[in-house]
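Here are a few exercises to work through with the model open in your viewer. Try each task before reading the solution.

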Amino acid sequence: MKKTIGLALVLLTLLLSSTSLKAQTKVTLSGHVKDALNGEELIGANIFIESLRVGTTSNEYGFYSLSLQPGTYEISYLFIGYKTITKTVVLDKNTTLNVELNTDSKTMGEVVLTDKKKEQNVKGVEMSITKIDVGTIKNIPQVLGEVDVIRSILLLPGVTSVGEGASGFNVRGGNVDQNLILLDEAPVYNSSHLFGFFSVFNADALKDVKLYKGGMPAKYGGRLSSVLDVRQKDGNMKRLGANGGIGVLSSRLTVEGPIQKDKSSFMVAGRRSYADLFLKLSSDEGLRNNVLYFYDLNAKANYKFSDKDRLYLSGYFGRDVFKFDELFGFSWGNATGSLRWNHLFNEKLFSNFSLVYSDYKYTLGAEDPENEFDWESRIINQNIKADFTYYKNPRNTFEFGANALFYNFKPAKVSGVNVNNFELENQVAIEPAVYVSHEHHFTENFKVQYGLRYSFFLRMGAGTVYEYDPTRPKDPTTVINTTIYEDGDIIKSFGGLEPRLLVNYILNDVSSVKASYNRTRQYIHLISNTTSATPIDVWRPSDTHINPATADQVALGYFRNFKNNTYELSAEVYYKTMNDIVEYKDGADLLLNEQLETDLITGDARSYGLELMLKKQEGKLTGWISYTLSRSERKVKGQFAEETINEGNYYPSNFDKLHDVSLVLSYQFNKKWSMGTSFAFTTGRPITLPTGKYQWGGFTIADFSADRNGDRIDNYHRLDISATYNVPQKEGKRWQSSWSFGVYNLYSRRNTYSLTFRQNEDNPLVGEAVKISIFGSAIPFVTYNFNF
């Protein structure tokens with residue numbers, strides 16, 4: 001036995017030595033890929049060696065690494081809209097090669113992609129993922145000409161909302177709280193201005209936008225349905241410059257430049273609406289005293305200590321403010337901050353360490369001395385992260401890391417003249433996680449990315465937990481025991497594995513088949529019984545009465561390019577199941593409820609669908625057409641009738657839409673003129689209609705005892721157009737400008753947002769339904785843009 005063990009150890013030692021010697025014969029080429037004009041790192045640039053048919057892509061910080069046998073290679077660097085550079089590199093030792101790419105002058109008149117970049121959708125392992133170019137977003141017509149990230153992604157397959165003016169977005173049958181929205185790694189809890197008409201993202205300050213609908217990498221967690229990863233510009237390393245615009249609703253200005261050329265830079269961007277400034281001109285004193293505006297401030301700075309170390313500091317501050325004289329006022333907004341340190345341990349091991357802060361706050365109140373009151377609610381996050389990428393060789397890349405996320409929920413604090421001072425208990429929680437993933441190219445045609453994430457959740461004290469009579473429905477009157485926890489006590493803990501898998505089999509140079517599976521867990525929940533999320537909705541962590549939600553999603557896709565990769569086709573089918581989804585009882589009271597769990601119930605959900613997308617990505621005419629056929633359903637069957645919806649049968653979710661069609665086109669006539677248009681059609685969303693009425697106190701009251709979401713509003717459709725005129729640039733001058741014109745809702749469609757029920761004015765005994773529309777007419781806009 002000892003001899004066998006000894007022989008095994010000798011063989012293992014020889015194998016490791018052989019592997020080590022083999023590894024030592026390889027050398028590593030690494031570096032960063034940047035924009036030659038401003039020094040910005042390029043995310044997702046392709047680095048390719050044609051002779052070996054191998055390559056890699058630059059990461060979120062523009063870094064790449066390739067380990068190869070010593071030799072001389074022709075290495076190509078490619079990125080959308082940039083001239084391809086091919087360098088002859090003699091590799092006889094570990095080499096650092098930073099590359100700067102110049103924009104292609106051809107793209108001033110049309111979009112041109114390199115062949116290798118165009119193949120990425122077929123040959124890359126990722127699926128259910130869309131990278132949205134900021135330039136494309138700016139070409140899509142929007143309300144009042146406001147360039148909008150969130151409204152742009154609503155034109156992608158599998159992404160919907162409950163209607164115009166709705167906050168957030170829904171991905172593959174998920175609720176708005178199931179989307180993890182990150183701005184430079186900091187979570188954004190409310191991504192909307194003006195109740196959902198506009199998003200908080202100023203496109204002038206952004207570098208990269210990426211939406212994950214499925215196939216999520218193991219480094220992401222905490223939400224069930226999607227990840228929207230938004231990255232801000234780092235700041236121009238080469239020269240000082242500015243750009244901005246003046247629109248109908250708001251104006252914006254971005255300033256960026258080097259602090260020390262090619263070593264450090266900054267970026268500051270501001271945006272403010274000014275409807276309230278025009279109210280000051282009104283002859284009506286009541287209107288003059290009203291306040292209505294929103295603002296955003298983005299800021300970022302970075303410093304390059306050496307080729308191996310770089311520090312980033314970024315922040316976002318945004319707020320909406322509404323005030324109706326002294327009668328009533330409210331505001332909400334996000335504040336985020338990120339401090340990140342990139343460190344290169346060696347040519348193969350890249351790391352990023354982050355400290356992240358996020359604070360979402362809303363307030364309500366009145367200044368009238370006789371009715372003065374204040375209501376405040378907040379969610380505060382701190383996150384400590386460490387992420388590593390190990391580039392073993394062109395066919396093997398490992399990612400691993402850990403983080404600890406701290407939550408402090410402050411649901412409500414109310415004080416005032418004629419109200420009792422009141423404060424709901426603060427809720428504290430910690431969510432640690434670790435992950436590892438491996439992307440392995442078994443052959444040129446078969447690639448796999450698999451990973452595992454383990455997340456843990458600790459609901460911490462102080463807090464009060466009520467125990468209810470298990471033989472009766474939960475109710476404040478059925479409490480049988482109360483437990484009080486002190487600071488630092490663990491009230492409840494949860495945890496579990498989250499496996500991730502992506503597989504790509506390349507059929508030929510122009511087509512491939514991909515499959516994915518991912519499990520996700522969500523430990524915090526948005527508590528709302530309105531159709532669209534509102535700024536005052538309550539977030540609540542999992543605890544003794546609310547379990548974490550889990551989701552399992554499988555997807556299968558076919559990807560193909562046509563006509564020398566000019567056209568890109570994708571077809572995906574998916575099936576997703578969700579457990580422990582939070583719903584509310586009929587007639588639930590969710591505001592200032594100390595025993596909120598008595599009005600909540602949990603159930604299961606499922607969604608499934610087909611997503612088709614045809615994209616033209618080269619030439620004067622670019623754009624896409626997409627179609628989604630999908631279902632999103634829920635089932636809540638509790639122990640008691642009061643905890644059951646629709647008799648325990650499946651019913652449509654609020655955002656279930658069978659058909660969804662989007663068309664986005666952009667045409668570049670010449671260097672001066674371009675035109676954009678978009679069209680959207682969706683099936684009407686589900687609603688619950690009354691089945692009868694009854695009299696009470698002389699009023700007719702609608703009876704909503706029917707099955708939940710048993711009917712639908714009208715189908716939704718809308719056409720928008722825009723045109724952009726680029727003012728010819730004067731020779732020798734840096735000033736560039738353009739005018740954008742357009743019409744939102746071109747044919748004045750009155751899309752139904754909701755129905756309200758009232759008594760007929762002529763016959764009070766007769767009830768009637770009234771359609772409410774956000775926009776009932778065409779809305780023209782004009783915006784002046786500039787940069788220098």
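The exercises below go from the whole chain to a strand and then to a single side chain.

**Exercise 1. The overall fold**

Task: Find out whether the radius of gyration of the chain agrees or disagrees with that of a compact globule.

Solution: Keep in mind that this is a predicted model.
- Step 1: Start with the length, 788 residues, for which a compact globule would have a radius of gyration near 28 Å.
- Step 2: Compare this with the chain, which has 28 Å, so the two agree.
- Step 3: Add the extents: along its principal axes the C-alpha trace spans about 90 × 85 × 45 Å.
- Step 4: Look at the make-up of the chain, with seven helices and 51 strands. Buried residues account for 53% of the 788 residues.
- Step 5: Turn to the contacts between residues at least 6 apart in sequence; 65% of these join residues at least 24 apart.

**Exercise 2. Strand 16 and its partners**

Task: Work out which strands are joined to strand 16 by bridges, and in which direction they run.

Solution:
- Step 1: Locate strand 16 at residues 206-212.
- Step 2: Strand 9 (residues 129-132) runs antiparallel to strand 16, with four bridges joining the two. One pair to look up is T130 with its bridge partner L211.
- Step 3: Strand 17 (residues 226-232) is also antiparallel to strand 16, joined by six bridges. Here Y212 has V227 as its bridge partner.
- Step 4: Check the cover: six of the seven residues of strand 16 are buried.
- Step 5: Finish with K210, a residue of strand 16. Beyond four places in sequence, its contacts include I129, T130 and K131, as well as V227, L228 and D229. The K210 side chain also makes a polar contact of 3.5 Å with the side chain of E126.

**Exercise 3. The surroundings of Y468**

Task: Decide whether Y468 is buried or exposed, and find which side chains make polar contacts with its side chain.

Solution:
- Step 1: Place Y468 in strand 30, which covers residues 463-468.
- Step 2: The relative accessibility of Y468 is 7%, and the cut-off for buried is under 20%, so Y468 counts as buried.
- Step 3: List its contacts outside four places in sequence; among them are K474, D475, H545 and T598.
- Step 4: Pick out the polar contacts. The Y468 side chain meets that of Q595 at 3.0 Å and that of E597 at 2.7 Å.
- Step 5: For a distance check, take F201, 267 residues away along the chain: its C-alpha atom and that of Y468 are separated by 44 Å.

Note on methods. Residues numbered from 1 in each chain as written. Predicted model: local features only at pLDDT ≥ 70, side-chain atom pairs only at ≥ 80, totals over all residues. Heavy atoms only, no water. Buried < 20%, exposed > 50% of the residue type's maximum accessible area, 1.4 Å probe, protein only. Contact = heavy atoms within 4.5 Å. Polar contact = N/O pair within 3.5 Å; in protein donor to acceptor, adjacent residues only side chain to side chain. Pairing = 2+ DSSP bridges. Rg over C-alpha atoms; globule rule 2.2 N^0.38 Å.
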